[in-house]
Amino acid sequence: MRHAQKLRNLLKKRIVFLDGGTGTELIRRGMPSGIATEEWAAANVEILRAMHSDYAEAGADIILTCTFGGKFKNPDKVRDINRRLAQVAIDAVGDKTLVAASIGPTGNLIHPSGTMTWNDAYSLFSTQSEALADTGIDIFFLETFSDPRELKAAVLAIRDNVPDAFISAQMTFSSGGLSLSGTSPTALTVLANQLPVDAVGANCGAGPEELLPIIQEMVRFSSRWVTAEPNAGLPFDGVYEMSPKRFAGWIEDFALGGAAIIGGCCGSGPAHVREYVSLLENSPVLNSHPEELHLLTSVDRMVSIGDRMLTVGESINPTGKKNLQNSLSSGDFFSVISLARAQGRADLIDVNLGLEKLLPDGFVHEIFSRLSIGSPISVDLSDPSNIETAFCEMGGIGILNSLISTKKFIGERIHILLRHGGYAVLLPIDEDGPGRTAEERLDKLEKGIAILGSHGFPEDRIIADPIVKPLGTGADVRLILDTLRLFKQRGLLTIAGISNISYGLPDRSALNAALLASLGPFGLDMAIVDVLDSKVLEMHRNAQILLGNIDLVEKSLPELDPQGISPDFMGILRKSIIIGDRRQTEATARELLESGRTALDILEKGLAPAMEKVGDLYNRKKLFLPHLIASAGASGVLTKLLRPYLEKENVSSCKGRVVLASVRGDIHDIGKNLVALFLRNAGFEVLDLGQDVHAEEIVMKATETNADIIALSALMSTTAPEMEKIISLAKSRGVTARILVGGAVLTREYADSIGADGYAGDAYGAVLAASRLIRKDES
């Protein structure tokens, strides 16, 4: 029997126990800090083998391989290291314990936040999982992910290489209950319900007390097994101090909360495992009946289906729009993104790119990767390969708009939704066209539902479209209403293209609003409308009030709504920067320059307050990592535009020179790269030395370049002590540069204790801290 099936069978009987931490346990056993764990372990296999054996003896049902970071630039090295480390675990425990692969994220940001594409990530995970599968492993735990797009790439790479594998898809969440990208546990759980995984879960984070409510939330909505791997508290001076007995007490709470697979992450060791296995041995999984929840999601947003009529923004459709047609044919994807951001009031954004054969290469990838944050997406494309690209880039659950009810049409596309998750809009159209009566349309729709069912696609993910045709072509509105009524009686979700009714007619707003009001009482779930049309939006709002779906007194417009009513161009510029709209930022800045505003004025009254607002929203968990990068991109466009004007105004555009590096032994550079981006956009010259940089190289570069600031980053508690060495070396060499430190494990108190001049908890904080240090030197 394959190991994956053994695990599935075991879960039907009782809770399954994972081992504890790997990196922290190897450090306890002699691994130096600041060393790449996988490479050190491959060179010290006896220590690694002893650790695996100790975990098995402690009672763990599953031993995880030491391959979390086993992704290298050289594919041959990936295969060699992963196979060797997996074999060490297999040899250490024999047949008495299951061995599963641990796979972590790549350490890179996916485009547009970074340079790695979704396909790049898929390829890396494919190479690693293939190497691990060569040793006979068919159980995979995907741990500590923060971006659901990257997690999905790992899931599909493993599923393609090992079709029968057991896969647990896990993310890590901050103290605010959201991932670094802004994804909630509920959004991950509902997405996992639609992905080809066996379990969903969370690991790492601050400690069990903060992870427990996250796991409880997952259990509430999950149709999969739920995995929990908390840290043994928080480290103090690099040491995790939670005792095995206290840790086991927390593990019992996870079991009572419904977790099915439970283990330890950082700081936990064999003693912790022995304690919680002894406490909970042979305990059954507390089965729950998950709540049914229909959601549409992006990386950072959730929209519930069924609570009220949702609006689907229709503006990205080139039919009759010459400017949009020109943008598509020229490959101007920023104009398309700007149009999407302008529809900020929509619950969803429908994306129709017209004649797809005429699109430049890579255009679909650019559009949908940049729309992975914000409102969820309705993919209104025709070519299956483009549809696949769109869903690869999607960071959540979207809609495929639309399918006609024929075997061939559905067969060419349905595999995409089965792989990536999502809802399907189904039209009551077959080989003979649409039905002429409401009953005929229901019959044709039933045919499509049956075809989808034959592929294993569930009925509760089907959205029925009654078909709205233009009045000018003789359409009968009563047919639309009768069809919608039958679809709702059938228990189906529904959607309708409202603006179709007025095509080619005058006063389109009034007709569209009238149809929208007519369909509301029949229970229409989603309306594809022009959300930039105030008359239609007002009708939608009033109809929902009358139907009791929203309160009479609504809150004010969303804080980030780009469609402000103020004619003040400076205000529009600030909003454009905040939402990351590059095209609108550039256009508005040009308007300001042409109106006589100086570049310095635009910087001080436009860019500076906008970035301050971005930092405030980020600190209050209103914005997340992808938003920061989008805002930084917009501010970068602005500073590039203003640079020659600043030179003419004799204003220096350089605030100071910064040498930036991740310290020796730390191969994580996402946060560092974000700091570099923000500092550059704030006017600093940044010399980025990269990751895993020796103290000598950092101090030498600061001396050579007469740097004003040395900025140091460390993600791990094991590499943070390297900062103190650099500070000591810099002082001994008489370096005058101020030293700024930051990273996930650092605190202000720690920064003070090692003699740093400044501390920053995030990228925006680094800009503020660097500016303060420069002002101190000037004074």
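Ser222, leaving aside its neighbours within four places in sequence, is in contact with Thr189, Asn193, Val200 and Pro290 in this predicted model. The residue sits in the loop that links helix 9 (208-221) to strand 7 (225-229), and with a relative accessibility of 5% it counts as buried. A polar atom of its side chain lies 2.9 Å from the backbone nitrogen of Arg224.

Thr135 is likewise a loop residue, placed between helix 6 (118-133) and strand 4 (139-145). Its relative accessible area is 18%, and because the limit for a buried residue is under 20%, Thr135 is classed as buried. The side chain of Thr135 reaches the backbone oxygen of Leu132 at 2.6 Å, while its contacts, not counting residues up to four places away in sequence, are with Arg83, Ala86, Gln87 and Ile90.

A third loop position, Asp300, is found between strand 11 (295-297) and strand 12 (302-304), and it is buried with a relative accessible area of 16%. Its side chain makes a polar contact of 2.5 Å with the side chain of His627 and reaches the backbone nitrogen of Gly374 at 2.8 Å. Beyond its neighbours within four places in sequence, Asp300 is in contact with Ser181, Gly182, Ser372, Ile373, Gly374 and His627. The C-alpha atom of Asp300 is separated by 9.7 Å from that of Asp147, although the two residues are 153 places apart along the chain.

The polar contacts of these three side chains are set out below.

| Side chain | Partner | Distance |
|---|---|---|
| Ser222 | backbone nitrogen of Arg224 | 2.9 Å |
| Thr135 | backbone oxygen of Leu132 | 2.6 Å |
| Asp300 | backbone nitrogen of Gly374 | 2.8 Å |
| Asp300 | side chain of His627 | 2.5 Å |

Turning to the sheet, eight strands form an open arrangement in the order 1-10-7-6-5-4-3-2, with parallel pairing. Strand 1 (16-17) and strand 2 stand at its edges, and each has a single partner strand, so one side of each is left without a neighbour in the sheet. Within the sheet, strand 4 and strand 5 (residues 166-171) run parallel and are joined by five bridges. Phe141 stands opposite Ser168 of strand 5, and Leu142 has Ala169 in strand 5 as its bridge partner. Six of the six residues of strand 5 are buried, so this strand is largely enclosed by the rest of the structure. Its two faces are both covered, with Phe166, Ser168 and Gln170 buried on one side and Ile167, Ala169 and Met171 buried on the other.

The largest nonpolar core has 113 residues, and those with the most contacts inside it are Ile62, Phe140, Leu142, Ile215, Phe254, Leu296 and Met526. Helix 5 (residues 75-93) gives the largest share of this core, namely eight residues. Apart from this core lies another, of 63 residues, which includes Val336, Ala438, Ile449 and Leu516. Such grouping can be set beside a general tendency: in soluble globular proteins, nonpolar side chains tend to be buried together. Ile215, when its neighbours within four places in sequence are left aside, is in contact with Ala202, Val226, Thr227, Ala228, Phe254 and Ala259.

Helix 4 (residues 45-57) has 13 residues and reaches 18 Å from its first C-alpha to its last, close to the 18 Å expected at 1.5 Å a residue. Its buried residues are Leu48, Met51, His52, Tyr55 and Ala56. Seen down the helix axis, these residues of helix 4 fall within an arc of 135°, so they line one face of the helix. In general, an α-helix has 3.6 residues a turn, so residues three or four places apart point the same way. The face of helix 4 turned away from the buried side carries the exposed residues Glu46 and Glu57. The buried residues of helix 4 pack against helix 2 (23-28), helix 3 (37-43), strand 2 (62-64), helix 5 and helix 11 (270-280). After helix 4 comes Gly59, whose phi is positive, near 115°.

Methods
Residues numbered from 1 in each chain as written. Predicted model: local features only at pLDDT ≥ 70, side-chain atom pairs only at ≥ 80, totals over all residues. Heavy atoms only, no water. Helix = DSSP H or I, 4+ residues; strand = E, 2+ residues; numbered from the N terminus. Buried < 20%, exposed > 50% of the residue type's maximum accessible area, 1.4 Å probe, protein only. Polar contact = N/O pair within 3.5 Å; in protein donor to acceptor, adjacent residues only side chain to side chain. Contact = heavy atoms within 4.5 Å. Core = buried A, V, L, I, M, F, W, Y, C linked by side-chain atoms within 4.5 Å. Expected span 1.5 Å × (residues − 1). Arc of directions from axis to C-beta. Pairing = 2+ DSSP bridges.
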